Amino acid sequence: MNQESIASRVFTQYEPLINADIESYTDNPNNFCLPSFSENDILSLCQQAKFLISQSPIMLELKSSVVVVGDLHGQILDLFRILKEFGRPIEYQYLFLGDIVDRGEFSLETATLIFALRVLYPRNVYIIRGNHEFHELCSRCGFLDEVMSIYGSSEVYNAFIDCFNYLPLLSLIDDEIICVHGGIGPSWFSFKQTSSLKRPIFEFHDQIVSAIVWSDPSHQVEEFGVSPRGTGHLFGESALTEFLHLNSKKLLVRGHECVENGCEYMLNNQIVTVFSASNYCGMCNNLSGVFIVRPNHQYEIRTFPPLPYIKRNKTQFQRKTMSPAMK
């Protein structure tokens, strides 16, 4: 099987769903029929994705134009809508800020489609790591249970975790915008520190890793404070101003928090939170947002209205396909 064949087949089966009218699913969930793939197909896709992911640096350096996608948490309809709006990653690059799995109903399908795009468009699709791309969380927040219910074994789950352990932790866009999943911490003050981190990274308990994937901005502190999450830090305007100044950067873009309007500036407009899962878990009625970076320092926020929350047990699935080599 050539390198792109499984990724191409995955995308080909999803493409009609991406291009369809989203209301055809939300108005009549019986119309929502997702493709299924054999265990061998998913293992092959993960192997190809792992090669690309492991070859990329721990800090990506991208040039605009970039569509920055926040947390999706397995809400694949939001992913469909974003891909339909901006199209195949040709005119734009896509950067996913992590937390593509857990909480929502379609983590396997969301991760599979994003990995297929990563393989098909290796210079235009990138993923950085969120706190939910660690075994410690996704083994108990939905992803493992979902995979086990589909395949009856943990082999596919382990293949995804193996990929997650090599994901980059941050990205620079146009050498002026820092993109992470969470934020900053008192032990992380220079990009050079991340170059000392060796992959695979299995846990988030290192102080730098924890800050990057767990921290949150706060108006309640000036420097750093204790995070109510129990991991990472709260950081305030003074801490962020100093961090950006020391690293000669203008803006921090991150995910990690559900914000009502999909995107939200904070701390004197030095940081923007991007959250792309609308109506998060069917409870929040929040908008979906993406952050677009264009050349010449042009930034744009694009938002989408909340979607009805579709349950997995109300969804139809095609019969699992097998790769030609397995038939």
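Me: Which rule gives the radius of gyration expected of a globule?
Reply: The radius of gyration is taken over C-alpha atoms. For a globule, the rule is 2.2 Å times the number of residues to the power 0.38.

Me: This is a predicted model. What radius of gyration does the protein chain have, against that of a compact globule?
Reply: The chain has 327 residues, so a compact globule would come out near 20 Å. The C-alpha trace spans about 60 × 40 × 40 Å along its principal axes. The radius of gyration agrees with the globule value: 19 Å.

Me: How many helices and strands does the protein chain have?
Reply: Both kinds of element are present. The secondary structure comes to 10 helices and 16 strands.

Me: What percentage of contacts join residues at least 24 apart?
Reply: Take the contacts between residues at least 6 apart in sequence. Of these, the share joining residues at least 24 apart is 73%.

Me: What share of the residues is buried, and what share of the exposed area do carbon and sulfur atoms supply?
Reply: Buried residues make up 60% of the 327. The chain exposes about 13,400 Å². Carbon and sulfur atoms supply 48% of that area.

Me: How far apart are the mean positions of the positive and negative charges?
Reply: The chain carries 26 positive and 36 negative charges. Their mean positions are apart by 6 Å.

Me: Is Gln-220 buried or exposed?
Reply: Gln-220 sits in the loop between strand E8 (216-217) and strand E9 (224-226). Phe-235 is 15 residues away in sequence and 8.7 Å away in space, C-alpha to C-alpha. Exposed means over 50% relative accessibility. Gln-220 has 71%, so it counts as exposed.

Me: Is Ser-65 buried or exposed?
Reply: Ser-65 also belongs to a loop, the one between strand E2 (59-62) and strand E3 (66-69). The cut-off for buried is under 20%. At 16% relative accessibility, Ser-65 therefore counts as buried.

Me: Which residues is Ser-65 in contact with, leaving aside neighbours within four places in sequence?
Reply: One group of partners is Glu-91, Tyr-92 and Gln-93. Ser-65 is also in contact with Val-293, Arg-294 and Pro-295.

Me: How many aromatic pairs are there, and what is the geometry of Phe-86 with Tyr-92?
Reply: The whole structure holds 20 aromatic pairs. In the pair of Phe-86 and Tyr-92, the centres are 5.6 Å apart and the planes make 80 degrees. Both residues are buried. The geometry is edge-to-face.

Me: Which helices does the pair of Phe-115 and Phe-164 link?
Reply: This pair is edge-to-face, with 6.2 Å centre to centre and 80 degrees between the planes. The two residues are 49 apart in sequence, in distant parts of the chain. Phe-115 lies in helix H5 (residues 107-120) and Phe-164 in helix H8 (residues 155-164).

Me: Why do Phe-115 and Phe-164 count as buried?
Reply: The cut-off is under 20% relative accessible area. Phe-115 counts as buried because its relative accessibility is 0%. For Phe-164, the value is likewise 0%.

Me: Which residues form a cluster with Phe-115 and Phe-164 through ring pairs?
Reply: Ring pairs connect these two with further aromatic residues. The others in the cluster are Phe-143, Tyr-157 and Phe-160.

Me: Which elements do the buried residues of helix H9 pack against?
Reply: Helix H9 (residues 207-214) is mostly covered, with 7 of its 8 residues buried. Among them are Ile-208, Val-209 and Trp-214. They pack against helix H6 (135-138), E8 and strand E10 (233-235).

Note on methods: Residues are numbered from 1 along each chain as its sequence is written. This is a predicted model: local features need pLDDT of at least 70, side-chain atom pairs count only at pLDDT 80 or more; totals for chains, interfaces and linings use all residues. Side-chain values use heavy atoms; hydrogens and water are left out. Helices (H or I, at least four residues) and strands (E, at least two) are DSSP runs, numbered from the N terminus. Buried means under 20% relative accessible area, exposed over 50%, partly exposed in between (1.4 Å probe, protein chains only). Contact means heavy atoms within 4.5 Å. Accessible areas come from the Shrake-Rupley method with a 1.4 Å probe; for residues, only the protein chains shown count as cover. Lys and Arg count as positive and Asp and Glu as negative; His and the chain ends are not counted. The place of a charge is taken as NZ of Lys, CZ of Arg, CG of Asp or CD of Glu. Rings of Phe, Tyr and Trp (its six-membered ring) pair if their centres lie within 6.5 Å; planes under 30 degrees apart count as stacked, over 60 as edge-to-face and the rest as tilted.
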